[in-house]
Amino acid sequence: MRHFLANIVTYTIVALLFVGAAAFAWMRYAQFELSTETAVLARYEPPPSLEFEWRDLGQRGYERNCANCHLCDGSGWDQYPPVTAAAELALRAGGREYLIDLHLYGLTSDRWGAPMPPMAHMRDVELAAVINYVVHQLSGGADTPLLDGPGDITDRRGQALSPAEVNARRPTGR
């Protein structure tokens with residue numbers, strides 16, 4: 001009788017482990033999200049009378065995703081370019097779209113030794129805030145945000161550009 005009860009307990013534990021592993025695998029496969037774009041946006045969405053508040057979210061997003069290569073002050077190092085010219089680049093014809101595409105699809109260029117990986121994993125609200133932060137806080141642009149909000153990023157997604165195609169779209173001149 002003891003062996004029978006031990007077997008029941010053992011098989012129950014194995015079954016629970018199997019069910020837990022299957023649930024975890026399903027969550028990973030389905031890319032189960034613990035938060036949604038709406039939840040993130042609701043946390044940072046200002047009241048209707050205020051402008052899109054991007055500074056805090058942009059700074060934190062930059063520190064998590066960009067500062068390893070471009071440094072905290074945006075000056076870059078070695079094979080990673082500085083981001084301090086982003087404001088000048090944004091003022092050129094097509095510059096705004098180029099900056100968005102650069103972040104969504106990455107960049108491969110002969111100008112720098114390391115390619116920039118795509119940052120499409122970032123939520124639209126965070127990516128818009130990071131681009132505004134780079135343009136205005138790190139490269140001395142005007143205080144008006146370059147992007148109005150996450151809708152600007154959403155409109156540029158889905159183009160399936162390669163990093164080389166993004167480089168070909170780099171605006172020249174003013």
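Arginine 60 forms a salt bridge with aspartate 56, and their closest N and O atoms are 3.2 Å apart. This comes from a predicted model. The two residues are four positions apart in helix H3, so about one helical turn separates them. Arginine 60 is partly exposed, because its relative accessibility is 27%. Aspartate 56 also counts as partly exposed, at 43% relative accessibility.

**Salt bridges**

A search of the whole structure finds eight salt bridges. Three of them are set out here, with the N to O distance for each.

| Salt bridge | N to O distance |
|---|---|
| Arginine 60 – aspartate 56 | 3.2 Å |
| Glutamate 126 – arginine 64 | 2.2 Å |
| Arginine 96 – aspartate 152 | 2.9 Å |

Take the bridge between glutamate 126 and arginine 64. Glutamate 126 sits in helix H7 and arginine 64 in helix H3, so this pair ties together parts that are 62 residues apart in sequence. Is glutamate 126 buried or exposed? Its relative accessible area is 11%, so glutamate 126 is buried. The cut-off for buried is under 20%.

Next comes the bridge between the side chains of arginine 96 and aspartate 152. This pair also links distant parts of the chain. Arginine 96 lies in helix H6 (residues 95-105) and aspartate 152 in helix H8 (residues 150-154), 56 residues apart. Arginine 96 has a relative accessible area of 25%, so it is partly exposed. Aspartate 152 has 15%, so it is buried. A third residue joins them: Arg96, Glu97 and Asp152 are linked in a network of salt bridges.

**Helix H3 and the aromatic pairs**

Back to H3. Which residues of H3 are buried? They are Leu57, Gly58, Gly61 and Tyr62. Seen down the axis of H3, these buried residues fall within an arc of 130 degrees, so they line one face of the helix.

One of them, tyrosine 62, has an aromatic partner. The structure holds two aromatic pairs. In one, tyrosine 62 meets tyrosine 133 in a tilted arrangement, 5.7 Å centre to centre and with 50 degrees between the planes. This pair links distant parts of the chain: tyrosine 62 belongs to helix H3 (residues 55-65) and tyrosine 133 to helix H7 (residues 124-138), 71 residues apart. Tyrosine 62 counts as buried because its relative accessibility is 1%. Tyrosine 133 is buried too, with a relative accessible area of 9%.

Tryptophan 77 and tyrosine 80 also pair. Their ring centres are 5.3 Å apart and their planes stand at 50 degrees, so this pair is tilted. The cut-offs explain the label: planes under 30 degrees apart count as stacked, over 60 as edge-to-face and the rest as tilted. Tryptophan 77 is partly exposed, at 39% relative accessibility.

H3 and H7 therefore have two links described here: the salt bridge of glutamate 126 with arginine 64, and the aromatic pair of tyrosine 62 with tyrosine 133.

**Exposed positions**

Where is leucine 91? It is in helix H5 (residues 86-91). Leucine 91 counts as exposed because its relative accessibility is 66%. Leucine 91 and leucine 146 are 55 residues apart in sequence, and their C-alpha atoms are 9.5 Å apart in space.

At the start of the chain, Met1, Phe4, Leu5 and Ile8 make a nonpolar surface patch of about 470 Å². Methionine 1 is in the segment before helix H1 (2-29). At 75% relative accessibility, methionine 1 is exposed.

**The whole chain**

How many helices and strands does the chain have? There are nine helices and zero strands. Read along the sequence, the pattern is α-α-α-α-α-α-α-α-α. Of the chain's 174 residues, 36% count as buried. The chain exposes about 11,000 Å², and carbon and sulfur atoms supply 59% of that area.

Contacts across the sequence can be put in numbers as well. Among contacts in the chain with a separation of 6 or more, 66% come from residues 24 or more positions apart. The pairing of tyrosine 62 with tyrosine 133, 71 residues apart, is one link between distant parts of the chain. The bridge from arginine 96 to aspartate 152, 56 residues apart, is another.

Key: Residues numbered from 1 in each chain as written. Predicted model: local features only at pLDDT ≥ 70, side-chain atom pairs only at ≥ 80, totals over all residues. Heavy atoms only, no water. Patch = residues over 30% accessible without salt bridge, like charges linked within 9 Å, V, L, I, M, F, W, Y side chains within 5 Å. Areas by Shrake-Rupley, 256 points an atom, 1.4 Å probe, with all protein chains shown as cover. Salt bridge = Lys/Arg side-chain N within 4 Å of Asp/Glu carboxyl O. Buried < 20%, exposed > 50% of the residue type's maximum accessible area, 1.4 Å probe, protein only. Contact = heavy atoms within 4.5 Å. Phe/Tyr/Trp six-rings, centres within 6.5 Å; stacked < 30°, edge-to-face > 60°. Arc of directions from axis to C-beta.
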